[in-house]
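Subject: Handover of a structure and notes on its contents

Dear colleague,

Please find the structure below, together with its sequence. My notes follow directly after it.

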Amino acid sequence: MQDIRVLVVDDDPDFLESVSERLNNRGCVVDTALDGAMALEKIGQNLYDAIVLDLQMPKVDGMETLKQALANKPSLQIILLTGHASVQVGVEAMRLGALDFMEKPADLDQLVEKIKEGKARRIDIDDQTREAAVREALKKYGW
């Protein structure tokens, strides 16, 4: 697997360490954040193929982090991973633009597949955005 850059966000340091190690062993380059505010700062400074985001966290919760992150970088692929799942919250997360909503403990193989799907979707969105910008420039200058 080609390196996939992932940000894992959770307020439980033991969970972060465990998931990071397991994703690293599967070829992911993992960065971590302990809350939504820290995640938003890292998202503003770095490029990630996917973000694995807890729902309930201090300072800025997962849903607000999802909203702010996608408002700033619409091509982000965010997977909510929570121990507090409900159909209503899952539907709301997907409506806001989450790639998926998974319940802890998640199957690592399924999580890695979703992360790979996120990377592929991010690349497609970035390619489409660049192509649209080129078409617009060509149209603007009459080429």
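I begin with a buried side chain: R122 has a relative accessible area of 7% and counts as buried. Please bear in mind throughout that this is a predicted model.

**Salt bridges**

R122 forms a salt bridge with D49, with N and O 2.7 Å apart. The two partners come from distant parts of the chain: R122 belongs to helix α5, D49 to the loop between α2 (36-45) and β3 (50-53), and 73 residues separate them. D49 is likewise buried, with a relative accessible area of 0%. Under the cut-off used here, a residue counts as buried because its relative accessible area is under 20%.

A second salt bridge joins R26 and D109, whose closest N and O atoms are 2.3 Å apart. This pair also links distant parts of the chain, 83 residues apart, with R26 in the loop between α1 (13-24) and β2 (28-33) and D109 in helix α5 (residues 108-140). Here R26 is partly exposed, at a relative accessible area of 33%, and D109 is partly exposed as well, at 43%.

Within helix α5, E117 and K114 are 3 residues apart, about one turn of the helix. Their side chains meet in a salt bridge with an N to O distance of 3.0 Å. E117 is partly exposed, with a relative accessible area of 32%. Elsewhere, R5, D49, R122 and D126 are joined into one network by salt bridges that share partners. The structure holds 13 salt bridges.

**The annotated domain and the annotated aspartate**

An unreviewed UniProt entry lists residues 5-119 as "domain: Response regulatory". Over that range the chain is 48% helix and 21% strand, and the C-alpha atoms at its ends are 9 Å apart.

The UniProt annotation "modified residue: 4-aspartylphosphate", also from an unreviewed entry, covers D54. In the model, D54 is found in the loop between β3 and α3. Is D54 buried or exposed? With a relative accessible area of 4%, D54 is buried. Not counting residues up to four places away in sequence, D54 touches V9, D10, D11, G62, L80, L81, T82 and K104.

**Nonpolar cores**

In soluble globular proteins, nonpolar side chains tend to be buried together. The largest nonpolar core in this model has 22 residues, of which L7, V9, I51, L53, L66 and I78 touch the most other members. At least two residues of this core come from each of β1 (4-9), α2, β3, α3 (62-72) and β4 (78-82). Helix α3 supplies the largest share, 4 residues.

I78 may serve as an example of the surroundings in this core. Leaving aside neighbours within four places in sequence, I78 is in contact with I51, L53, L66, A69, L70, A98, L99 and D100. Apart from the largest core lies another core, of 18 residues, which includes V19, L23, A50 and L81.

**Loops and surface**

Two loop residues deserve a separate entry. D35 is found in the loop between β2 and α2 and counts as buried, at 7% relative accessibility. Setting aside neighbours within four places in sequence, the contacts of D35 are V9, M57, P58 and K59. D35 and P74 are 39 residues apart in sequence, and their C-alpha atoms are 20 Å apart in space.

A106 lies in the loop between β5 (100-103) and α5. A106 is partly exposed, with a relative accessible area of 27%. From A106 to G83 the C-alpha distance is 9.5 Å, with their positions 23 residues apart in sequence.

Finally, V134, L138, Y141 and W143 form a nonpolar patch on the surface, with about 500 Å² of accessible area together. Of these, Y141 is found in the segment after α5 and counts as exposed, at 51% relative accessibility.

With kind regards

Note on methods
Residues are numbered from 1 along each chain as its sequence is written. This is a predicted model: local features need pLDDT of at least 70, side-chain atom pairs count only at pLDDT 80 or more; totals for chains, interfaces and linings use all residues. Side-chain values use heavy atoms; hydrogens and water are left out. UniProt positions are given in the numbering used here, feature names are shortened, and annotations may be inferred rather than shown by experiment. A salt bridge is a side-chain nitrogen of Lys or Arg within 4 Å of a carboxyl oxygen of Asp or Glu. Buried means under 20% relative accessible area, exposed over 50%, partly exposed in between (1.4 Å probe, protein chains only). A nonpolar core is a set of buried Ala, Val, Leu, Ile, Met, Phe, Trp, Tyr and Cys residues joined through side-chain atoms within 4.5 Å. Contact means heavy atoms within 4.5 Å. Patches are made of residues with over 30% relative accessible area and no salt bridge: like charges are joined within 9 Å, nonpolar side chains (Val, Leu, Ile, Met, Phe, Trp, Tyr) within 5 Å. Accessible areas come from the Shrake-Rupley method with a 1.4 Å probe; for residues, only the protein chains shown count as cover.
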